[in-house]
Amino acid sequence: MASTNSLHRVVIEPVTRIEGHGKVTILLDDQGHVKQARMHVVEFRGFERFVQGRPYWEVPVLVQRLCGICPVSHHLAAAKAMDVVVGAEKLTPTGEKMRRLMHYGQTFQSHALHFFHLVSPDLLFGFDADPAIRNVIGVALKFPELAVQGVMMRKYGQEIIKATAGKKIHGTGAVPGGINKNLSLAERDFFLKDLDQMLTWSKSALAIAKNYTVEHLKELAPFGSFDSNHLSIVRADGAMDLYNGNLRAIEAQGKKIFDQVDNQKYNDYVAEEVRPWSYMKFPFIKSIGPENGWYRVGPLARLNTCDFIDTPLAEKERQEFMKVTDGKPNNVTMAYHWARMIELLHSAEKIQALLHDPDLQGTDLVAQGKWRGEGVGIIEAPRGTLFHHYQVNNQNQVVMANLIVSTTNNNEPMNRAVQKVAQDHIDGQKITEGLLNRVEVAIRAYDPCLSCATHAMGQMPLVVELMDAQGNIIDRKIKG
Amino acid sequence: MADAIRMLLIGFGNPGRGDDGLGPALAEAVEKLKIPGLTVDADYQLTVEDAAAVAECDVVLFADADAQGPEPFSFQVLEPKREESFSSHSIRPDAVLALAEDLFNAHSSGYLLGIRGYEFDEFRETLSAKAADNLAAALRFAESLLRRRNFSEMAAHYKASGLNPVRTGM
């Protein structure tokens with residue numbers, strides 16, 4: 001093995017205002033071969049301390065401060081954990097369905113935003129297109145109807161969140177044991193008015209992702225791809241369920257590692273490894289160990305782990321998705337986009353079913369139960385499985401909090417994707433545009449949230465530095 | 001008629017991250033003033049759907065925390081500017097204006113009120129004392145601005161007085 005002194009280091013680093021950013025370091029040897037690729041994410045870990053001593057009922061509101069991108073996921077995961085703390089995890093029909101509407105509204109808007117704003121330029125213009133064109137403005141100019149659809153779908157989902165959770169920045173909808181409001185008939189009719197349009201647009205977005213993936217499968221199959229385990233929650237009958245279910249993990253070829261694991265026992269099955277070079281932990285399946293027990297989460301994992309989808313249009317699409325790999329799990333990184341759009345359609349169908357359910361106008365909002373003092377809430381956030389775990393003392397104060405966020409679950413896979421792309425596309429000791437583009441595309445497939453805790457992280461230009469073994473910069477590029 | 005002007009104020013930032021919450025704090029305070037013709041919104045960050053809301057207004061005022069700008073605040077006119085984004089899900093105020101123009105053929109006037117903040121790096125739901133003072137000054141300015149609607153006049157004044165930060169990339 002070459003010593004550090006004989007290696008060159010390529011650093012891809014975003015310019016950001018304050019912490020919470022990530023960077024990519026690619027370590028080369030003297031021959032220009034990739035020895036190692038690491039994606040560093042400076043994750044803010046102070047939240048667990050911040051929440052200690054706070055009353056448990058404040059937590060579902062407080063946790064929204066963790067992430068400006070997916071506050072609803074944290075809101076619902078914390079509420080689910082607090083349901084268990086107060087012994088009221090069996091919600092009233094109105095409580096559960098209002099939360100589900102909130103969650104599917106969020107998934108709908110998040111998947112639409114990611115696809116139209118970040119991914120569609122890569123698919124419509126190609127990975128090597130001029131970055132000045134390969135962005136949402138380029139889409140707006142060449143495919144204006146698509147860009148408008150993306151904005152209006154995002155807006156629709158955001159309006160659902162507002163109607164179920166309250167104000168965007170002070171959402172209080174989910175409370176321990178239930179919800180604090182129902183959906184009025186006026187609100188229901190407001191959403192029904194545009195629902196058919198949302199379904200139609202979801203189908204067309206899915207068609208873009210599917211057709212692109214199928215047509216380019218030969219080149220996409222090896223792109224940043226590798227075999228992996230997959231993990232998600234699934235319903236008791238094996239159906240995809242983004243809001244509630246038990247844990248299931250499968251191997252790359254589909255064999256179950258564990259199934260129907262009670263959320264409260266996640267600690268017996270999943271652990272986190274700390275590595276000295278990264279603030280972000282590396283979760284793994286305990287029975288396999290850290291070296292081979294890492295797994296993927298998110299849309300691709302969910303399509304692989306579930307037995308079926310309980311909405312007809314999305315189920316038909318799932319079956320077509322699985323045909324590509326003869327019913328085996330799909331391990332193609334770029335298939336995340338196709339899987340994400342199947343979930344987009346599924347979310348629209350779920351919203352449709354919920355809006356026609358009179359339970360949303362019910363008035364029994366909060367369930368009661370027997371105090372337990374400890375609870376785990378797990379939800380399938382848009383980016384993947386999200387774990388919240390709390391202990392609360394007899395004075396109602398939180399004394400322990402542990403969170404495993406979706407992007408952390410995908411930590412090792414993202415590192416592997418970057419390494420694979422770097423190995424396949426590095427060109428000597430120069431930082432080429434092609435390499436940069438492909439590193440971006442590989443990371444984007446996972447839709448990572450690198451910006452927990454502050455909006456200022458939203459801008460993600462890349463600074464790329466090529467350094468020699470002595471730390472001298474021999475090449476540097478800024479992108480975005 | 002002055003009242004026919006449709007105004008939108010968007011305060012953005014994370015109230016759980018100390019002074020990063022200056023934008024939403026201003027929005028919350030302005031909302032209580034119930035200024036005619038004004039719609040107030042607050043969010044953690046700006047995203048693409050804000051372009052649809054901007055397109056429905058004649059004037060939009062973005063309020064944000066500023067980690068480096070002048071005290072107590074800066075005020076400047078924004079020109080639509082297209083951006084390239086690597087990842088994540090937020091966009092700049094000038095990019096929101098550009099999206100509103102490109103997607104909805106809107107030509108809303110945009111202004112940025114940057115309120116100076118100091119402490120961003122820890123979870124805290126309160127503003128620092130100095131940031132709270134700056135917020136009070138910004139609120140007085142914003143109320144006068146939104147009632148008198150003299151946006152371009154005030155932007156020219158702040159530009160001429162050198163009170164605005166000089167930056168590249170914004």
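How many helices and strands does chain A have? In this predicted model, chain A turns out to carry 14 helices and 16 strands. Burial comes out at 55% of its 480 residues. Its contacts also reach well along the chain: taking pairs at least 6 apart in sequence, 70% of them link residues at least 24 apart.

Chain B has 5 helices and 5 strands. Going along the sequence, these elements come in the pattern β-α-β-α-β-β-α-β-α-α. Of the 170 residues here, 51% count as buried. For contacts in chain B between residues at least 6 apart, the share joining residues at least 24 apart is 75%.

Back in chain A, one sheet worth a look is an open one with 4 strands, ordered S8-S7-S6-S11, and its pairing is mixed. Strand S8 (256–261) and strand S11 (295–296) sit at the edges with a single partner strand each, so one side of each has no neighbour in the sheet. Inside this sheet, S6 (residues 229–234) and S7 (residues 246–250) of chain A run antiparallel and are held in register by 5 bridges. One pairing to look for on screen is Ile233(A), whose bridge partner in S7(A) is Leu247(A).

Helix H13 of chain A, residues 411–425, makes a simple geometry check. With 15 residues at 1.5 Å a residue, H13(A) should span 21 Å, and the end C-alpha atoms are indeed 21 Å apart, so the expected and modelled spans agree. H13(A) is also mostly covered, with 12 of its 15 residues buried. The buried stretch takes in Asn411(A), Glu412(A), Pro413(A), Met414(A), Asn415(A), Arg416(A), Ala417(A), Val418(A), Gln419(A), Lys420(A), Val421(A) and Ala422(A). Charged residues are thus on the buried list too, among them Glu412(A), Arg416(A) and Lys420(A). As a rule, an α-helix has 3.6 residues a turn, so residues three or four places apart point the same way.

Val418(A) from that helix shows up again in the largest nonpolar core. This core has 182 residues, and the members touching the most others are Val418(A), Leu9(B), Leu26(B) and Leu113(B). Helix H4 of chain A (residues 93–125) gives the most to this core, contributing 12 residues. In soluble globular proteins generally, nonpolar side chains tend to be buried together. What is Leu26(B) in contact with, leaving aside neighbours within four places in sequence? The list is Gly11(B), Ala63(B), Ile115(B), Leu135(B), Ala138(B), Leu139(B) and Ala142(B).

Ala78(A), in helix H3 of chain A (residues 71–85), is another residue to click on. Ala78(A) counts as buried because 30 other C-beta atoms lie within 10 Å, against a cut-off of 20 or more. Beyond residues up to four places away in sequence, Ala78(A) touches Val59(A), Pro60(A), Val63(A), Gly377(A) and His388(A). By contrast, Gln429(A) lies 351 residues from Ala78(A) in sequence and 47 Å away in space, C-alpha to C-alpha.

In chain B, strand S5 (residues 109–116) is mostly covered, with 7 of its 8 residues buried. S5(B) pairs with S3(B), residues 59–66, in the parallel sense over 8 bridges. Within that pairing, Asp66(B) stands opposite Arg116(B). S5(B) also pairs with S4(B), residues 73–78, this time antiparallel and through 6 bridges. Here Val77(B) faces Tyr111(B) across the two strands.

The loops of chain B hold a few backbone oddities. Most residues other than glycine have a negative phi, and most peptide bonds are trans. The bond from Glu71(B) to Pro72(B) is cis, with omega near -5°, and Pro72(B) falls in the loop between S3 and S4. Lys34(B), in the loop between helix H1 (22–31) and strand S2 (38–43) of chain B, has a positive phi near 50°. Asn105(B), in the loop between helix H3 (93–104) and S5 of chain B, also has a positive phi, near 55°. Are these two loop residues buried or exposed? Lys34(B) is exposed, since only 12 or fewer neighbours are allowed and its count within 10 Å is 8 other C-beta atoms. Asn105(B) is exposed as well, with 9 other C-beta atoms within 10 Å.

Terms used. Residues are numbered from 1 along each chain as its sequence is written. Chains are lettered from A and ligands numbered from 1 in the order in which they are written. This is a predicted model: local features need pLDDT of at least 70, side-chain atom pairs count only at pLDDT 80 or more; totals for chains, interfaces and linings use all residues. The expected span of a helix is 1.5 Å times one less than its number of residues. Two strands pair if DSSP finds at least two bridges between them. Two residues are in contact if their C-beta atoms, placed from the backbone, lie within 7 Å. A nonpolar core is a set of buried Ala, Val, Leu, Ile, Met, Phe, Trp, Tyr and Cys residues joined through C-beta atoms within 7 Å.
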